[in-house]
Amino acid sequence: MRIWTTRLPGCTALSKIFLTSAAVVVMLSSLGCNLARSGRGAHHPVDPEGEMSVPEGEWNRRSQWEVRRDAQGLFRAYHVREVLPHRMIVTVSETTQGQEWKRWLLDGSPGAVRWTTYVVALPSQEIVNQYDHLAGGSISLPPTADRFTRLGQAVAAGDGVYAPGRRLIEEFAGYQKLWTGFYARPREVSTPVCPATGGLAPYAIGVKSCVELAGMELGDVLVKLWPWDYDDPVFESYLTINQAVRDRFQVGDPVRLEYLRPVDEEYELISRELTWPGFPYMDQPPSAAIVSFEERFLPLAQRPEKELLELMASQTGATEDNADLMRRLADCQAVTDPYRLPAMAATHKHPFLMEPVARYYLDSIPLPGPTDRITAQIRWLHKVYGTEPAPSRQGTYALHDYRDGDLEAHLDYIEAVLELAAEYNQRAFRDFSAAELQFMEETAPDLLEGFVNAHMMCFDQDLERQRRNVELLGMAHRLDMAALIRQAEVVSKLVDGDFLASLKQQMETSPDPVGRIAERDTPWGEIILDGTADNRYLRGTPAVLVNLGGNNFYANNTGSSIPGKVPSAVLVDFAGDDRYENWAPMRQGCGFMGVGILLDLDGDDSYIGVRYVQGTGFLGIGILADAAGDDIYRAIDYGQGVGQFGAGILLDDAGYNRYEGHQSCQGVGFTGGLGLLFSADPDGNDEYYNKGQHGTGYGDPGSFEGWGQGFGVGHRPYASGGIGILLDQGGDDRYEGGTFSLGGGYYYGLGILNNRAGNDRYRGSRYGMGFTAHQAVGIFLDDGGDDHYHISHFVGIGMAWDESNTLFIDRSGDDVYIAPSFAFGAAAQNGFALFIDGGGKDRYVGTKPGADRGNQYHGGTSIGYFLSLGEGEDQFPGRRHGELSSERAHSFFVDSPSIEAAMDSLRRVPLERTDTSE
């Protein structure tokens, strides 16, 4: 177990002009000075005339390191610290042992057999002075060593590099991040055309990555990447070569590589030269909406649990490491893509904003009751997108007044609403050409199918589909979201309680309140008003369909917009036990390039669909609202509150309901999307099921894919994720999810699950119940009840992975937590996990709470933070009741009646260092 240490404060970078040998000795002998420290200001020194003094070459944006190995096995590390037109400073460290070079150089080359800094005059290359760090003083110049034989230009060019050191993280701020596309496995080769005996064979080709731009295909073998040859250790895995590349290069730097391609029974050696690409679309600063949102909420980050963490960190020497993690998380938000949503950016950059931001959204979701509930829900979307409500429509298309009018007046009103909504639809899509609109419509199935098959877009083996999907991501952000929300607000006038009551009265007093009451054709779709008969709607795509009652069967567009034909669609069913069944996608309250609303006001109903059904939006806004009854919802994938480039909302106000899907169902926000499932009955005992279609890609026996249930997910690595919310108002509920289910995020996505009351049961496999992976935010909130949590496989229940933040809170109740490993406030790879149990007598089974893991991906540290609060005596594996402790200086465990009590205890008796070994 690592001993706690306190890092010495570093001095400023060496940037002064050295006038004397004594000045050189004084500055280089400062023990607090970290010679490897560099900031953005150190990259471009300024000469006395104020001119930027940067030498020509590929290395002028950062200090450079390299490590060479000579024939006797001696390692020699060169660090070019500073270059001015007349002088260069280089530190040379020698060791007989291989090292983790980036850390070794940063830590001052511990154990080096030689460690010398040279001041070299340019262009003569004469050594002006040299300082021996091991001897602690300036040393005389041997007659044969008056010149420095390895110029900065040669060092920076990378000739013979063994393994570069990592540039400091602040150097990345504001730069587009480099993308290699190297997802490969080691491959042994033997061929006379190349001396290589091994290389890396890609198993995925990402569009617009270096691998694709170089023309590589599956089956090829990478054997050389300048400046590394095939026998260099960076070729051991795709992780090591990716790290080496990102340590050394930036977007726009040159790439020279060689790979072998199988031809018959031999190989062909192919050489390519190009420039390093960045992640597509990830090239812009945070938007004004992101900046404004962060500034508004930042004061709320000062929370008691943060104060407690800072106190424990100060006592264990972890303050600087924790601050370094916060800087790394913030750096993930320095460069964004056009889909990054304000709430995700703020909670990722400031982990202690997770609960305030989640409550801000959850507590403002409209409850059942008001007549304009759906309109209020649509207006709530402005909170998600940081948009402002559009100004009210002025001028020619004033809505007709239906009040005190006959049935024809109501039809006139409906038509006027459709006309006004169509105008806002045109405004929402005005930045697209007709060809682009057709492309997006035709490519939507590819995007959906591609995610189901690959999840990570660059892993899609169908390269043509992947190219189309990447092109779609490159254009969809031009959608005018404010105009689209305004369109939905206008359409919601047709489901306003006052209008429906008036329309129902007119329909019931018609000559035939049982059969067809009225119909009208409009340029924006057909209007149909039907009576109380049991009807079957097998075909057709009406813009508005209103049914007074009866046990109906719906297989038409079921309140869903149709691109280019029906920009707005509404289905209202007043009563009856109805069946909604579709095998076509984009149905049952789906907004596909438009707005769709399905409102069922009474009855025990069943909704059966396949894909993108039951309150979904794709380049649109879709809402399914069921006001009463015990209902059943079933979908294969993308169902029950799913949004992508828009919003998908499922509102169920009452009853005992079952929500069933197989993948990506129940409150899922994809790129540019908001997905919300709100089950609002405080007494409804609901069931949520999201798994069972495909076995997990991890190969875990008995485990299925899930990717849903309060889940925000992006199309990695091309586009940030959206916001997914699953909110259950109460009742004794049961949740079952596959991998990546139940309150989590993936690739710049934000997922929230909130169960507000009841004795609930949660079942998951891997990545479940408060989880994150890959620059995401996951929030799991259970506000009360005696709950039971069970993860069957590795990873889940309050954990964070890879530059991600996770919050897990169970506020009260006697709870049981079961997980085999990596759970209960576990974090790794620059993750931040906060686990809080607020009270009750709880039992933890399977793994030790509050433990961190490795950080091989990026270096640095993680924070695993576990808080068990309240008077109940809990049971923990490997922990004691009342324990306050920290391990590895980056995991923190607290079992205390309250945060205040824990802080009082630590102020009286600070944490003491305990050195043990594992």
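These exercises work through salt bridges and strand pairing in a predicted model.

**Exercise 1. Find which parts of the chain the R811–E355 pair links, and classify each partner as buried, partly exposed or exposed.**

Step 1. Check the contact. R811 and E355 form a salt bridge, with N and O 2.6 Å apart.

Step 2. Place the partners. R811 sits in the loop between β45 (805–810) and β46 (816–818), and E355 belongs to helix α11 (residues 354–362). The two are 456 residues apart, so the pair links distant parts of the chain.

Step 3. Classify. Buried means under 20% relative accessible area, and exposed means over 50%. R811 has 32% relative accessibility, so R811 is partly exposed. E355 has 8%, so E355 is buried.

Step 4. Look around the pair. R811 and E355 belong to a salt-bridge network that also includes R303, E305, R359 and D783.

**Exercise 2. Do the same for K848 and E887.**

Step 1. Their side chains meet in a salt bridge, 2.7 Å from N to O.

Step 2. K848 lies in the loop between β49 (843–845) and β50 (863–869), while E887 is in strand β51 (residues 884–887). The pair therefore ties together parts that are 39 residues apart in sequence.

Step 3. K848, at 30% relative accessibility, is partly exposed. E887, at 11%, is buried.

**Exercise 3. State whether D337 and R340 are buried or exposed, and give the distance of their salt bridge.**

Step 1. The closest N and O atoms of D337 and R340 are 3.9 Å apart. The cut-off is within 4 Å, so the pair counts as a salt bridge.

Step 2. Both residues are buried.

Step 3. Set the pair in context: the whole structure holds 48 salt bridges.

**Exercise 4. Explain why β9 counts as largely enclosed, and find its partner strand.**

Step 1. Strand β9 (residues 221–225) has 4 of its 5 residues buried, so the rest of the structure largely encloses it.

Step 2. β9 runs antiparallel to strand β10 (residues 254–263), joined by 4 bridges.

Step 3. One matched pair is L225 with L257 in β10.

**Exercise 5. Identify the edge strands of the 7-strand open sheet.**

Step 1. Write the order: β19-β23-β27-β30-β34-β38-β41, with parallel pairing.

Step 2. Look for strands with a single partner. These are β19 (590–592) and β41 (771–773), so one side of each has no neighbour in the sheet.

Step 3. Inspect one edge. β38 (residues 744–746) pairs with β41 over 3 bridges, in the parallel sense. Y746 stands opposite A773 in β41.

Step 4. Add the helix. α15 (residues 434–454) lies across β19, β23, β27 and β34, at about 120° to β23.

Definitions and conventions:
Residues are numbered from 1 along each chain as its sequence is written. This is a predicted model: local features need pLDDT of at least 70, side-chain atom pairs count only at pLDDT 80 or more; totals for chains, interfaces and linings use all residues. Side-chain values use heavy atoms; hydrogens and water are left out. Buried means under 20% relative accessible area, exposed over 50%, partly exposed in between (1.4 Å probe, protein chains only). Two strands pair if DSSP finds at least two bridges between them. Contact means heavy atoms within 4.5 Å. Axes are lines fitted to C-alpha atoms, for helices over the stretch in contact, and angles run from 0 to 180 degrees between N-to-C directions.
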